[in-house]
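Trainee: I have a structure open and would like to learn how to read a few of its features. Please take them one at a time.

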Amino acid sequence: MAKEIIRQAVSADGTRTIQAERSFELKRFFLQWEWMLVLMLILVNIFNISASPNYANVKGILNATRDFLDKAIVVFPMAFVLMLGEIDISVASIMALSATIMGVVFQTTQNMVLAIFAGLVAGTVCGFINGIILAKFPELSSMIVTLSTQIIFRGIAQIILETQSISGFPSWFQQVAAGKVGYIPYALIFVVVEALFFAYLLHYTKFGRRTIAMGNSVTVAKYSGIKTDRTKIIIFTMVGLLSAVAAVYLASKMSSVRSDVAKGYELDIIAMAVLGGISTSGGKGRILGASLAILVIGYLRYGLGLINASSQIIMIVVGILLIVAVAIPNLKGSVGQANWIKNLKRMFIKQKN
Amino acid sequence: MDKVKRFFSSNIREISLIIVIVVIAMFVELRSGGRFLTSMNINDMLMETSVLAIMAVGMMMVIITGGIDLSIGATMALSAMVGGTFLKSSVLSGNPLPNLLIVVIAIAVGIVCGLINGALVSKLKILPIIATLGMMNIYRGATYLVANGSWIKQAEMGPGFLTLATGKFMGINNLLIIAVVVYIIAYFFAGYTKTGRKIYAVGNSEESARVSGIKTDRVLVLAYTIMGAIAGLGGILYVCKYGVAQGETCTGYEMNVIAACVLGGVSITGGTGKVPGVLLGAILLGMLNNAMPLIQVSSFWQEAIRGGIILFSIIANALIQRNVEIKALRRRNI
């Protein structure tokens with residue numbers, strides 16, 4: 001294979017990326033991780049179709065998305081967090097807290113619009129708190145900070161709601177999750193628009209390039225004039241806001257609110273982003289991959305549900321998928337996600353010799 | 001005088017932890033009207049804390065290497081469930097297995113889990129948090145499969161097994177003795193053996209450790225395997241103490257253990273952490289768990305308070321660290 005040298009440089013404002021010209025190679029094109037995801041998606045869907053005869057139509061396939069749209073909403077901002085080389089474990093707790101606040105505001109004022117607004121504000125504030133702690137204390141690892149805020153946010157939700165649940169939302173609110181245009185759920189449209197927005201933000205704006213630069217090296221990014229603190233705070237606040245949006249969807253789907261909603265969601269959300277090829281050490285990944293991974297894990301869960309697989313089997317499958325997805329690019333010294341087949345080949349050839 | 005000063009400045013974390021523990025103990029003692037520092041409650045508290053403290057030692061090793069193990073709650077559940085299943089069938093057949101054998105089975109399961117984690121982290125170079133997050137799912141799923149939807153209840157464990165946790169040796173509870181033994185071994189292992197020092201070296205800089213001839217992969221696998229073995233031990237003790245094993249045993253326990261380590265001054269970036277500090281961290285956390293119901297903190301508040309204390313202490317830790325570094329810089333200038 002012809003050797004190619006690709007140079008990347010980020011200038012002071014984080015805008016310019018100089019890239020050595022490289023010719024379009026068919027082989028390279030098909031060696032991208034995204035094709036692997038497409039393959040997985042096809043396999044999963046073949047599996048689903050064989051599992052249930054009612055699944056193989058547009059309506060069934062689109063309806064299945066409602067199962068995982070709540071998680072999908074948070075995957076894209078989470079991808080940004082992972083791009084920074086950070087992690088946010090508190091998303092599920094933010095969802096619980098903003099759902100709780102939404103429920104309580106609705107209970108006291110009977111005004112659903114105000115309640116939704118309050119929920120969104122609560123989520124945004126939670127994300128902002130995460131961001132500001134991490135920006136002010138860069139020596140603290142995001143995992144530990146969000147681990148403790150995770151306990152705190154869900155703890156606050158527990159203090160507010162104790163063990164009761166709030167329901168009786170107006171009927172139009174249920175349409176948030178149940179409503180459809182034709183066969184397409186509203187929330188799916190929202191997620192598609194969100195995916196396009198985040199893809200644009202990451203790959204075509206200054207902000208996105210700065211994020212990637214920070215993921216590669218925070219110190220270098222800082223010295224090249226990127227306001228790292230601000231970027232970090234914005235990204236974590238974004239996670240908070242979209243977690244709150246997901247909470248609105250979740251509350252509408254379940255038509256009730258409790259303090260223990262969305263428990264364990266953070267795992268699935270991180271798994272989706274990581275399977276999508278977003279490197280957890282920062283600086284690598286594409287929104288397209290994350291979107292495909294959402295579909296893979298989402299449909300896989302749905303399909304395992306179709307054949308009445310117990311939830312423990314689903315846990316094991318998701319765990320294996322997560323590890324395999326991360327392990328493959330690393331099989332021989334982590335060179336890059338696009339080279340995973342090459343690495344596999346090299347490993348086998350070496351063993352033969 | 002200079003020696004005293006140096007002792008204080010190098011052990012500032014441990015000393016401040018002791019102060020915090022004493023202050024909280026006094027406060028709780030006053031608020032609860034003298035029900036906290038009774039010998040019975042202290043005994044209860046130490047029993048509660050033993051398992052957490054044992055687990056924290058293993059987690060310390062892993063965190064010192066710069067990693068983290070999120071799968072230990074699931075490992076505890078899996079090894080306890082496997083051990084419990086053996087015990088249950090042997091009790092049903094009227095011929096219960098000896099306690100030691102059950103503990104060994106649990107530890108063996110834990111070792112296997114730890115080895116897998118270690119291999120994923122060292123050989124396949126998967127980030128520890130992702131690897132153990134995935135394995136957490138797998139171990140937890142396996143626990144449910146082994147449990148097959150049923151619980152192992154106190155009656156099915158047989159009275160002989162339960163004495164493991166309730167029994168006393170020379171007037172001291174067995175759990176406490178096990179914890180003390182684990183701590184003595186860990187103290188000497190981490191501080192005074194070659195392998196122990198290698199763990200610190202890898203945590204400080206994997207690259208320089210490798211260059212200086214340490215087989216870093218082996219050290220990593222060792223750290224995760226120790227964690228697995230300790231999780232196996234902790235799991236069976238936990239189940240023995242509470243008298244029930246089920247699929248959900250110890251869900252989220254890893255957070256408590258990590259919190260104990262962080263409170264004890266183990267730096268999550270690796271390389272630093274002391275056994276006495278971890279012990280104090282575990283005691284502080286265990287004391288909070290024990291004290292909050294005593295002073296009538298509503299159970300709904302306990303989670304948030306615990307989280308708040310963890311967050312507060314890691315921020316305080318960071319501030320102390322900054323202060324120490326600034327002082328060190330100043331000293332160099334003069």
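Trainee: Is helix α11 of chain B buried or exposed?

Mentor: A residue is buried if 20 or more other C-beta atoms, placed from the backbone, lie within 10 Å of its own, exposed if 12 or fewer, and partly exposed in between. In α11(B), 22 of the 27 residues are buried, so the helix is largely enclosed by the rest of the structure. This is a predicted model, in which local features need pLDDT of at least 70 and side-chain atom pairs count only at pLDDT 80 or more, while totals for chains, interfaces and linings use all residues. Residues are numbered from 1 along each chain as its sequence is written, and chains are lettered from A and ligands numbered from 1 in the order in which they are written.

Trainee: What span should α11(B) have?

Mentor: Helices (H or I, at least four residues) and strands (E, at least two) are DSSP runs, numbered from the N terminus. The expected span of a helix is 1.5 Å times one less than its number of residues. For α11(B), residues 216–242, that gives 39 Å, and the end C-alpha atoms are 38 Å apart, which agrees. Just after α11(B), B:Gly243 has a positive phi of about 70°.

Trainee: Which residues other than glycine have a positive phi?

Mentor: Among them are A:Ser255, with phi near 45°, and B:Lys125, with phi near 55°. A:Ser255 sits in the loop between α12 (228–254) and β4 (256–257) of chain A, and is partly exposed, with 14 other C-beta atoms within 10 Å. B:Lys125 is in the loop between α5 (99–122) and α6 of chain B; with 17 C-beta neighbours inside 10 Å, B:Lys125 is also partly exposed.

Trainee: Which residues touch the most other members of the largest nonpolar core?

Mentor: A nonpolar core is a set of buried Ala, Val, Leu, Ile, Met, Phe, Trp, Tyr and Cys residues joined through C-beta atoms within 7 Å. The largest one has 219 residues, and A:Met95, A:Met102 and B:Ala56 touch the most other members. Its largest share, 17 residues, comes from α11(B).

Trainee: How many residues does each chain give to the contact?

Mentor: Two residues are in contact if their C-beta atoms, placed from the backbone, lie within 7 Å. Chain A and chain B each give 36 residues. On the side of chain B that touches chain A, the elements giving two or more residues are α6 (128–147), α12 (253–263) and α14 (299–333) of chain B. The most come from α6(B), with 13 residues.
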